[in-house]
Amino acid sequence: MKSLAATVMASESGPHIPGPADFFLPPIIGSGEWAPTKIMLLVVLSVVIVLGFFYAASRKAAVVPGRLQFAGEYVYGMVRNSIARDIIGSQDYMRFVPYLFTVFTFILVNNFYGIIPLIQFPTMSHIGYTAALALITWLIYNVVGIAKHGFVGYLKLQTVPSGVSGPILIMMVPLEFLSNIIVRPFTLAIRLFATMFAGHLLLALFSLGGAWLLLHYAPTWQGVAAGLFAFLLGIMVSFLDILIMFLQAYVFTLLSAMYIAGAVADEH
Amino acid sequence: MILTQVTAAETEINPLVPHVPEIILGVIVIAILFVGVAKFIVPNFEKAYADRTAAIEGGIENANAKQAEADAKLAQLEAQLADARHEAARIREQAREEGAAIKAELRAEAQAEAERIITAGKAQIEAERQAAAASLKTEVGSLATGLAGRIVGESLDDDERSSRVVERFLADLEAGVH
């Protein structure tokens, strides 16, 4: 309600500058932290979309795939072969494929929400969801690492670099521990959140600013010209954003696979 | 006024602080998606992969079997062809040998025939000669006796007369022969 009032006020004195407040939409029903918002609904919807599409694509499991199955297999094959198998190795990659596929498709759909008309909100610009993903990845790679090497063995694997010995270990071990165990979930969560946040902010800025210039700027012809230019830039940024949406889903999945690969790797 | 409002909003809303409900919702939603993916989608795609691999391997096996069959048949045909060539050469050789044998036989036969004819001719000539000699022998006796009788019957002291007797005898003889 507040942001709506702010938007109305702002249109009289100058353009509404999109900021963090625009990312927090009011609940649809009720109030408070737990009240459902559009974003929560979108997150739940993404599960329906992913499961629905890929179930329909894989249901027949035909030897000669139709178009739908081919499209589904293309995505599945990318995650299975070029991410999971190439990075984790052909021995035990298969048990991580379901998780990596879940991560990739979940992030991809939630990112693409940002450019789908009427939805136009990348849910991954809320750090809560990226934090949830990062947390699960962190748990998985640490748990499988400890399960394979034992607690001490796993800590040694992650913190003692190969070929290093002597007093330099006093410096290296805490650094490695920090980078491999502590920092990873934060970088995972923040990278995805920040790119989606920034992308959405840019799009909002170009469209809101362009609209204001077009409609409200005083010398009309200048306003119209600048507004159209802003829209043009906005369209170009949209295409860039589409690329980034895909890339970020890919990068998150790739890094998850790399962390798992590092945790299940044989001792060097 | 706007400035204060913005700063107020910023202090109130920090996008870097995750909301606990969102984390919980995120975990639940991801868990549900994971279960669905692991239970349906991955097995389905893997089944398609496995079926495809099996189909391709089956196809390759089939093709290999066909290839082996064709190779065997080709080898068999080639062997048959070689046999036939061999047989033809053998027959040709045999025919040549037979021809040569026939030729030699014919020549030998002809030679034998010629020899036989020559021998027969020689034998006949010899027999005729002997017959002539035999008859001559008997005739010479009687002729000599006749001649001697005639000469004795006439006078033997006159040379002229005796030569006349001999001439008359020879003329009688010639007339008797004819």
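Reading from the N terminus, the elements of chain B run α-α-α. That makes 3 helices and 0 strands for chain B, in what is a predicted model. Burial is scarce here: buried residues make up just 8% of the 178 residues in chain B.

Two stretches of chain B carry labels in UniProt, both from an unreviewed entry. The record puts a "transmembrane region" at residues 23-42 of chain B. In the model, that stretch is 100% helix and 0% strand, and its end C-alpha atoms sit 26 Å apart. Further along, UniProt places a "coiled-coil region" at residues 60-94 of chain B. Here too the model shows 100% helix and 0% strand, this time with 50 Å between the end C-alpha atoms.

Chain A is helical as well, with 8 helices and 0 strands. Its elements, taken from the N terminus on, run α-α-α-α-α-α-α-α. Measured out along the principal axes, the C-alpha atoms of chain A fill a box of roughly 70 × 55 × 40 Å. Of the 268 residues of chain A, 35% count as buried. Among the contacts in chain A with a separation of 6 or more, 62% are between residues 24 or more positions apart.

The two chains touch each other. Chain A brings 39 residues to the contact and chain B brings 34 residues. On the side of chain A that touches chain B, at least two residues come from each of α1 (2-13), α2 (38-58), α3 (67-88), α4 (97-112) and α5 (127-149) of chain A. The biggest giver on that side is α2(A), with 9 residues. Sorted by character, the residues on the side of chain A that touches chain B come out as 31 nonpolar, 5 polar and 3 charged.

Next comes the nonpolar interior. The largest nonpolar core holds 63 residues, and the members that touch the most others are A:Ala84, A:Leu100 and A:Ile107. Both chains take part in this core: at least two residues come from each of α2, α3, α4, α5, α7 (168-216) and α8 (220-264) of chain A, and likewise from α2 (20-153) of chain B. A closer look at A:Ala84 shows what surrounds this residue. Setting aside neighbours within four places in sequence, A:Ala84 is in contact with A:Val79, A:Tyr93, A:Phe96, A:Val97, A:Leu100 and A:Ala257. One of these partners, A:Leu100, is also among the core members that touch the most others.

Within chain A, one helix pair can be described in some detail. Helix α5(A) packs against α6 (residues 151-159) of chain A at an angle of about 115°, and the two axes are 7 Å apart. The crossing of α5(A) and α6(A) is right-handed. On the α5(A) side, the contact is made by A:Gly145, A:Ile146 and A:His149, while α6(A) puts in A:Phe151, A:Gly153, A:Tyr154 and A:Leu157. The residues of this contact between α5(A) and α6(A) divide into 4 nonpolar, 3 polar and no charged.

A couple of backbone oddities turn up in the loops of chain A. As background, most residues other than glycine have a negative phi. A:Ala61 is not a glycine, yet its phi is positive, at about 50°. This residue lies in the loop between α2 and α3 of chain A. Is A:Ala61 buried, exposed or partly exposed? A:Ala61 counts as partly exposed, because it has 19 C-beta neighbours inside 10 Å, where burial calls for 20 or more.

The other case is A:Leu118, again not a glycine, with a positive phi of about 80°. A:Leu118 is found in the loop between α4 and α5 of chain A. With 5 other C-beta atoms within 10 Å, A:Leu118 is exposed.

Finally, there is the segment after α8 of chain A, where A:Asp266 is found. A:Asp266 has 9 other C-beta atoms within 10 Å, so this residue is exposed. In sequence, A:Asp266 and A:Lys148 are 118 residues apart, but in space their C-alpha atoms are 9.2 Å apart.

Notes. Residues are numbered from 1 along each chain as its sequence is written. Chains are lettered from A and ligands numbered from 1 in the order in which they are written. This is a predicted model: local features need pLDDT of at least 70, side-chain atom pairs count only at pLDDT 80 or more; totals for chains, interfaces and linings use all residues. Two residues are in contact if their C-beta atoms, placed from the backbone, lie within 7 Å. Helices (H or I, at least four residues) and strands (E, at least two) are DSSP runs, numbered from the N terminus. Ala, Val, Leu, Ile, Met, Phe, Trp, Tyr, Cys and Pro count as nonpolar, Asp, Glu, Lys and Arg as charged, and the others, Gly among them, as polar. Axes are lines fitted to C-alpha atoms, for helices over the stretch in contact, and angles run from 0 to 180 degrees between N-to-C directions. A crossing is left-handed if the near helix is turned anticlockwise from the far one by less than a right angle, and right-handed if clockwise. A nonpolar core is a set of buried Ala, Val, Leu, Ile, Met, Phe, Trp, Tyr and Cys residues joined through C-beta atoms within 7 Å. A residue is buried if 20 or more other C-beta atoms lie within 10 Å of its own, exposed if 12 or fewer, and partly exposed in between; C-beta atoms are placed from the backbone. UniProt positions are given in the numbering used here, feature names are shortened, and annotations may be inferred rather than shown by experiment.
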